[in-house]
There are 2 protein chains.
Amino acid sequence: MTDPFVVIGGDAAGLSAASKFAREAPDRDVIVFEKGKWVSYAHCGTPYYVKGTVERLTDLLSLSPEQAAERGIDLRRNHEVVGVDTDAETVAVAHDSETFSQPYGDLLVATGARAMTGPIPGTELDGAFTMHGLDSAASVRAALSEPGEFAVDTSIEYVDTALVEKYTDWEPPERVAIVGGGYVGVEMAEAFQAHNIETHLFQRSGHLLPPFGEAVGERVARQLREQGVILHLDTAVEEIVGNRDERVTAVAHDGGTTDVDLALVGIGIRPNTALLADTPVDLGYSGAIAVDEYGATSVNRVYAAGDCAEDRHAVTGEPDWVPLGLTANRAGRAIGQTVAGDPSLVGDIAGTAVVKAFDLECGRVGLLDHEQASAAGFDPVSTTVTAGSRSGYYPGGDDTDVTLVADRNSGRLLGGALVGEDRAAIRIDTLATAIEADMTIDELERLDLAYAPPFSPVWDPVLVAAKVLNGQLE
Amino acid sequence: MTDPFVVIGGDAAGLSAASKFAREAPDRDVIVFEKGKWVSYAHCGTPYYVKGTVERLTDLLSLSPEQAAERGIDLRRNHEVVGVDTDAETVAVAHDSETFSQPYGDLLVATGARAMTGPIPGTELDGAFTMHGLDSAASVRAALSEPGEFAVDTSIEYVDTALVEKYTDWEPPERVAIVGGGYVGVEMAEAFQAHNIETHLFQRSGHLLPPFGEAVGERVARQLREQGVILHLDTAVEEIVGNRDERVTAVAHDGGTTDVDLALVGIGIRPNTALLADTPVDLGYSGAIAVDEYGATSVNRVYAAGDCAEDRHAVTGEPDWVPLGLTANRAGRAIGQTVAGDPSLVGDIAGTAVVKAFDLECGRVGLLDHEQASAAGFDPVSTTVTAGSRSGYYPGGDDTDVTLVADRNSGRLLGGALVGEDRAAIRIDTLATAIEADMTIDELERLDLAYAPPFSPVWDPVLVAAKVLNGQLE
């Protein structure tokens with residue numbers, strides 16, 4: 001009997017790998033060590049739980065420990081891997097204040113990422129949160145609820161009940177500060193506004209959602225203001241300020257101080273790689289784990305997937321770190337299959353991302369930033385057009401802003417962004433597909449896309465933008 | 001001065017060509033002969049005008065004669081081209097009961113298509129309609145309105161006022177028959193139901209929307225029944241029956257006779273090519289005009305575009321006839337540019353089509369039919385899966401049925417269809433793009449498509465289907 005397939009981390013990548021492996025190699029053992037109380041859940045759903053669109057936190061749990069067991073996975077929760085020895089091919093596992101050694105035949109590092117808090121002091125205060133994990137989602141929702149009205153479902157053990165209960169007696173905040181205008185900040189602004197809380201959003205740069213480009217950022221800013229969010233652009237938060245009870249009372253920023261009862265920090269995430277510090281496993285330029293097209297690291301029989309790993313970018317062909325849900329699921333699944341004996345590509349990433357900003361749908365893909373495109377050896381040309389999402393005479397449409405970036409020499413589509421209220425998000429998949437197919441703007445312009453008055457005008461907004469950009473390239 | 005660019009037909013293809021040409025070659029003349037009273041308008045919007053979603057028929061007019069003139073187009077309405085002499089390079093034009101000869105430098109045949117009525121007798125009766133053109137749209141809407149409530153906008157001359165006024169005194173029908181379960185039939189069923197009219201839909205075959213495949217057809221049938229439409233599948237209409245006043249009273253079919261006050265026939269269209277019967281211009285296998293990749297016919301300086309012409313299919317590489325709006329606009333524009341001296345490809349067609357059926361969105365692309373795929377030299381394998389359109393915990397999603405067809409040997413994606421209530425139609429563009437890029441199912445499965453709970457699950461329905469079909473191919 002060979003040593004088991006050991007997986008570190010029981011979230012999207014880890015459990016996708018373990019599930020696929022258990023199905024494809026039912027004779028071999030697979031052990032998943034998860035340091036937390038729970039396993040796979042929908043990170044991206046947490047803002048909608050806080051908002052109230054999703055009623056119960058348990059709705060976000062995607063796979064129960066029982067289901068994992070049924071799949072033939074030896075799942076060990078509250079087991080933290082504290083060391084990896086790639087020479088001995090073992091991991092050191094801490095559980096119940098004891099540590100034991102577990103040999104592995106193949107190893108998958110799927111340790112995920114953690115929310116950044118630094119360099120902002122004060123994130124340890126009561127009432128200061130990041131939106132990363134079930135604990136913080138439950139805590140924020142508890143803090144927003146009337147005292148005593150919130151109760152954790154204790155029928156299953158999945159959150160830090162003591163932490164959450166600390167907030168159940170809080171009066172709902174009257175004013176909140178969101179630090180950071182990325183996905184989390186924008187989604188949480190919508191969540192707080194739904195509770196009629198005065199919401200201040202602080203963004204260090206002049207644009208919201210920087211990876212989506214300026215056209216999206218500006219329209220989202222307009223939307224947030226229309227919805228009552230108080231935007232502080234070009235404003236860096238220096239400190240979250242607390243009182244003697246260690247409770248948040250304000251945020252200090254370069255424009256002064258704003259009193260708030262709660263602060264939410266969403267300034268990005270970092271890959272969890274500390275575990276590999278003393279191993280020969282190579283990290284990439286981004287600090288995430290470097291892998292090949294099968295998800296294999298620089299060390300034999302050691303794989304990495306999910307938010308802790310890099311992937312190859314479809315446009316540059318170079319490694320990039322874009323920690324998102326599909327990538328984690330897909331790479332995990334491919335690695336499970338590879339380890340089971342059937343080599344399977346993890347697939348390139350195109351950097352496809354979508355986000356809802358109140359009524360707006362935003363999407364982005366590929367290389368949008370000219371500097372980034374130039375650094376990758378391209379000569380970027382771009383255009384932004386505004387086009388209707390439906391035939392003008394058919395109600396329910398909305399202006400859709402489309403940004404396209406192409407390489408001047410080859411005409412190749414490098415990136416794109418979309419924003420609008422009517423089906424703008426899903427339209428990004430057209431561009432994602434075109435980018436992964438290495439299409440030129442000329443080919444994009446001639447795509448036979450769908451037309452019917454209730455869904456699209458004769459010339460889809462994507463085609464309109466391609467036509468304009470193609471004109472610039474000629 | 002060279003002879004002018006002459007265009008026969010003032011609809012999408014003709015006016016797109018004339019507009020582009022006038023812009024690119026402002027020194028040359030362009031004359032458009034249109035036999036009707038009006039020019040370019042949105043065919044696809046007419047069912048929504050009858051339904052009432054679009055209030056005024058004039059909302060469907062896309063370009064006015066004045067606007068055409070401003071673009072530098074010499075537009076002649078009520079001018080019917082009755083002959084083409086490709087040796088003399090002239091066309092014979094009838095106007096006001098006189099006929100004159102017009103020389104051309106280049107000629108575009110953009111004569112469109114006409115609705116089929118045969119072999120069903122009775123379509124000439126009062127109360128029998130096809131849904132092709134502004135006249136029939138106005139007439140049906142007039143017939144559905146209370147007597148005297150409907151009035152044609154006579155400030156501009158765009159419909160046959162006498163014809164329409166015949167129907168303004170009609171009592172609204174209590175029961176209608178729709179003959180044919182294609183686009184027109186399905187869209188008109190929605191339109192009639194909106195007016196609370198008992199609607200009978202007769203379809204000769206066992207499935208609605210045959211080009212969309214069985215999965216779509218069956219779901220649309222369920223939807224129509226739920227919405228109150230009385231479906232008569234596998235039922236051929238033999239005759240539209242009238243009374244002594246030549247007015248529709250019933251439809252006779254192979255199951256008996258159904259009394260109705262109005263009948264709408266939507267059993268397909270045919271290309272208008274009679275004009276070329278005595279010319280050496282070649283028609284293709286479909287009966288539409290054969291063209292090359294620039295829209296040029298077999299005769300020098302004669303082009304064809306729009307519903308009267310074939311195009312090259314992206315999957316088979318062979319000519320096909322798929323008369324739809326985008327194709328007409330796109331080909332017209334390319335030909336305008338080519339004739340102006342800058343050769344421009346008209347682009348392949350992928351057979352992309354979308355249609356709304358009450359709350360359902362339906363899409364199709366490529367080769368779906370196995371027989372058709374086999375005839376084109378492929379070994380088709382297909383699957384249909386049902387997958388959620390959003391993360392399960394996020395409200396507003398709907399089951400989406402996805403059909404994919406691939407070639408067993410190469411794994412190449414050949415076709416696809418989608419149906420569901422939540423953004424199913426727009427998702428067809430992902431498949432259209434993949435098909436035009438010659439993607440395999442394996443590549444499709446690994447696409448980095450968008451994920452965010454309000455818009456899509458981690459695995460988009462398209463990816464779920466690709467995963468399943470790829471499993472069948474292995």
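## The contact between the two chains

Where chain B meets chain A, the contact draws on 58 residues from chain B and on 58 residues from chain A. The structure shown here is a predicted model, and this should be kept in mind while reading what follows. The size of an interface is often given as the accessible area lost when the parts come together. For chain B and chain A, the area buried between them is about 5,200 Å², and carbon and sulfur atoms account for 66% of it.

Charged and polar pairs also take part in this interface. Between chain B and chain A there are 4 salt bridges, and one of the salt bridges in the model links Arg423(A) to Glu361(B), whose closest N and O atoms lie 2.2 Å apart. In addition, 22 residue pairs, both members at pLDDT 80 or more, are in polar contact across the interface of chain B and chain A.

## The side that chain B offers

Which elements of chain B give two or more residues to the side that touches chain A? They are helix H8 (325–339), strand E21 (353–357), helix H10 (424–436) and helix H12 (461–473). H10(B) gives the most to this side, contributing 10 residues. When the residues on the side of chain B that touches chain A are sorted by character, they divide into 33 nonpolar, 10 polar and 15 charged.

## An enclosed strand in chain B

Strand E14 of chain B, which covers residues 248–253, has 5 of its 6 residues buried, and it is therefore largely enclosed by the rest of the structure.

E14(B) pairs with strand E13 of chain B (residues 237–242) in the antiparallel sense, over 5 bridges, and within this pairing Glu239(B) has Ala252(B) in E14(B) as its bridge partner. These two strands, E13(B) and E14(B), form a hairpin with 5 residues between them, and in the turn Glu246(B) has a positive phi of about 60°. E14(B) also pairs with strand E15 of chain B (residues 256–259), again in the antiparallel sense, over 4 bridges. Here the bridge partner of His253(B) is Gly256(B) in E15(B), and the hairpin that joins E14(B) to E15(B) runs through 2 residues.

## Leu134 in chain B

Leu134(B) belongs to helix H4 of chain B, which spans residues 134–144. Is Leu134(B) buried or exposed? Its relative accessibility is 6%, and because buried means under 20%, Leu134(B) counts as buried.

Apart from neighbours within four places in sequence, the residues in contact with Leu134(B) are Trp38(B), Tyr41(B), Leu57(B), Leu61(B), Tyr158(B) and Val159(B). For Tyr158(B), which is 24 residues away from Leu134(B) along the chain, the separation between the two C-alpha atoms is 7.9 Å.

## Arg412 in chain A

Arg412(A) sits in the loop of chain A between strand E24 (399–407) and strand E25 (413–420). Although it is in a loop, Arg412(A) is buried, with a relative accessible area of 16%.

If residues up to four places away in sequence are not counted, Arg412(A) touches several others, including Phe378(A), Val405(A), Asp407(A), Asp438(A) and Met439(A). Ala314(A) is also among the residues that Arg412(A) touches, and the side chain of Arg412(A) reaches the backbone oxygen of Ala314(A) at 3.3 Å. Measuring from C-alpha to C-alpha in the model, Arg412(A) and Pro380(A) are 9.6 Å apart in space, while in sequence they are 32 residues apart.

Key:
Residues are numbered from 1 along each chain as its sequence is written. Chains are lettered from A and ligands numbered from 1 in the order in which they are written. This is a predicted model: local features need pLDDT of at least 70, side-chain atom pairs count only at pLDDT 80 or more; totals for chains, interfaces and linings use all residues. Side-chain values use heavy atoms; hydrogens and water are left out. Contact means heavy atoms within 4.5 Å. Buried area is the accessible area (1.4 Å probe) that two parts lose on being put together, summed over both. A salt bridge is a side-chain nitrogen of Lys or Arg within 4 Å of a carboxyl oxygen of Asp or Glu. A polar contact is a pair of N or O atoms within 3.5 Å; within protein, one must be able to donate a hydrogen and the other to accept it, and residues adjacent in sequence count only if both atoms are side-chain atoms. Ala, Val, Leu, Ile, Met, Phe, Trp, Tyr, Cys and Pro count as nonpolar, Asp, Glu, Lys and Arg as charged, and the others, Gly among them, as polar. Buried means under 20% relative accessible area, exposed over 50%, partly exposed in between (1.4 Å probe, protein chains only). Two strands pair if DSSP finds at least two bridges between them.
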